[in-house]
Amino acid sequence: MHHIDIQKLVDEARFNGFHFVVLFLCGVIIVADGYDLAVAGIALPAIMKDMNVDPTTAGFMTSSALFGMMFGAMGLGMLADKIGRRWALSISVFLFSAFTAAAALASDPVTFSVLRFIAGLGIGGALPCTTAHMTEYAPKKLRGVLATAMLCGYAVGSVLATLIGKQFLEIYGWQSVFFAAGAPVILIPFILKYMPESMSFLMKRNDNASLRQIVARIAPGHFLPADARFQMPVDGKADGAPVGKLFQNGRGFSTVMFSAAFFTALFMMYALSTWLVKLMAMAGHSVGSALNFLLIYNGGAIVGAVLGGWLGDKLNIKWVLCTFFAASVVSLTLLGYGVQPLALVIAVVGASTLGTGILVYAYAAQFYPAAVRSTGVGFASGVGRAGGIAAPIGIGMLMSMQLPLEQNFIAIALAGAVGVVAVALIDHHRAASVHGADAKGGVAASARAS
């Protein structure tokens, strides 16, 4: 009987059409995910006016989706490791598409908040599932850059929401941009038909036929004997994915630090996605000009995320992430004081806040072994969602206090300073990517025993 180490094949594979399909489908899901989350911030001034609510109430309305994302990230992340990622992703897409569109029919803050909470379950669930999936199938030398390139879809979705908002908000009202969010539901049949299932999940089910088909697409030139049996590193075997495994093998403290890193990154991301347009308007810029700044912010995020992923593949991703967090502290402070050129500062803010948030997902996906990857990313980001929930409310309260503009940005920058410390304390030696050689030794021992 021939034993084949699937993880080694994936690590050494050359990027081909199979990888492109995974990247494309995951990327489109994230674009839709980013649109659905950003659309509330784009339409927030119009919603506040239509429903006659103050900034504090608006902050609670926006946070309802983020609260749902916390449960969605943890719940659907764990569910993906149990029922398969294709179905978990399909459920996520349905939830965030259907219920964001339904929020357009809301006429009061409570109904709007309930519908956005349900949509948030899907928005939160899509991120850990797609990140884990892209990381599982990406060749080792491209793992960081492919994961961050896929997650850039989040910023692309935000740009799309901004462009649609500029065209339709004044003419058709805020409801139009929410109705548009229902379109991604058409992705579900394509996910179920073309997205490959998680290899660790297929091994749990002993689905050798499906694994054989996937391996043939990952490495078309690799000879597969008729009696081939596939194996993964010991940590990659999916015999269930309880949260308890995230605290075993010395990973417990780092899991807490990842949660803290997600908290701070998501605090910065959602403080800015919710209030940047309003803050720039307070600084004397028109709404149209403020929306242009949001486009620059997201453009900077795309460049920053791809650059961070590339550097993470070349250098130590942990210290690259620390550097990005530090850059967020500096750039947000400069933005608060209106340092020129303003467009460049905002681009750097985008690269070092939203770009940093994307990089945290990529690092977490590389840290946890395949069998608990969705659970690990989902749990840490789910706990970290508390930062995303607190940000719109907290910054909304600061704005209600009519403090100097720079103090609002400094409050956001403080989260970045905490992020530097949290990432610095992660034990990188416990990362699954670092222990690949040891894990493969476990596979070899298992092969000899059989």
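Helices here are DSSP runs of H or I covering at least four residues, numbered from the N terminus. In this predicted model, Thr-255 belongs to one such run, helix H12, which spans residues 252-282.

**Thr-255 in helix H12**

Thr-255 has a relative accessibility of 1% and therefore counts as buried, the cut-off for that class being under 20%. A polar atom of the Thr-255 side chain lies 2.9 Å from the backbone oxygen of Leu-246. Leu-246 also appears among the residues in contact with Thr-255 once neighbours within four places in sequence are set aside; the others are Phe-247, Tyr-368 and Phe-379.

**Helix H14: Ser-328 and Leu-334**

Helix H14 covers residues 317-336 and contains Ser-328. Leu-334 lies in helix H14 as well. Ser-328 is buried, because its relative accessible area is 0%. Beyond its neighbours within four places in sequence, Ser-328 is in contact with Met-268, Ser-352, Thr-353 and Gly-416.

Leu-334 has a relative accessible area of 34% and so is partly exposed, a class that lies between the 20% and 50% limits. Together with Val-330, Tyr-337 and Val-339, Leu-334 makes a nonpolar surface patch of about 350 Å².

**Gln-7 in helix H1**

Near the start of the numbering, Gln-7 is found in helix H1, residues 6-12. Its relative accessibility of 12% is the reason why Gln-7 counts as buried. Gln-7 is separated from Lys-140 by 133 residues in sequence, while the C-alpha to C-alpha separation in space is 9.6 Å.

The relative accessible areas of these four residues are set out below.

| Residue | Relative accessible area | Class |
|---|---|---|
| Ser-328 | 0% | buried |
| Thr-255 | 1% | buried |
| Gln-7 | 12% | buried |
| Leu-334 | 34% | partly exposed |

**The largest nonpolar core**

In soluble globular proteins, nonpolar side chains tend to be buried together. The largest nonpolar core in this model holds 140 residues, and Phe-112 and Phe-178 are the members that touch the most others. Helix H2, residues 17-51, gives the most to this core, with 19 residues.

Which residues does Phe-178 touch, not counting those up to four places away in sequence? Phe-178 touches Val-39, Ala-40, Ala-43 and Ile-47, then Thr-100, Ala-101, Ala-103 and Ala-104, and finally Phe-112 and Arg-116. Phe-112, which shares with Phe-178 the distinction of touching the most other core members, is thus itself one of the residues that Phe-178 touches.

Technical notes
Residues numbered from 1 in each chain as written. Predicted model: local features only at pLDDT ≥ 70, side-chain atom pairs only at ≥ 80, totals over all residues. Heavy atoms only, no water. Helix = DSSP H or I, 4+ residues; strand = E, 2+ residues; numbered from the N terminus. Buried < 20%, exposed > 50% of the residue type's maximum accessible area, 1.4 Å probe, protein only. Contact = heavy atoms within 4.5 Å. Core = buried A, V, L, I, M, F, W, Y, C linked by side-chain atoms within 4.5 Å. Patch = residues over 30% accessible without salt bridge, like charges linked within 9 Å, V, L, I, M, F, W, Y side chains within 5 Å. Areas by Shrake-Rupley, 256 points an atom, 1.4 Å probe, with all protein chains shown as cover. Salt bridge = Lys/Arg side-chain N within 4 Å of Asp/Glu carboxyl O. Polar contact = N/O pair within 3.5 Å; in protein donor to acceptor, adjacent residues only side chain to side chain.
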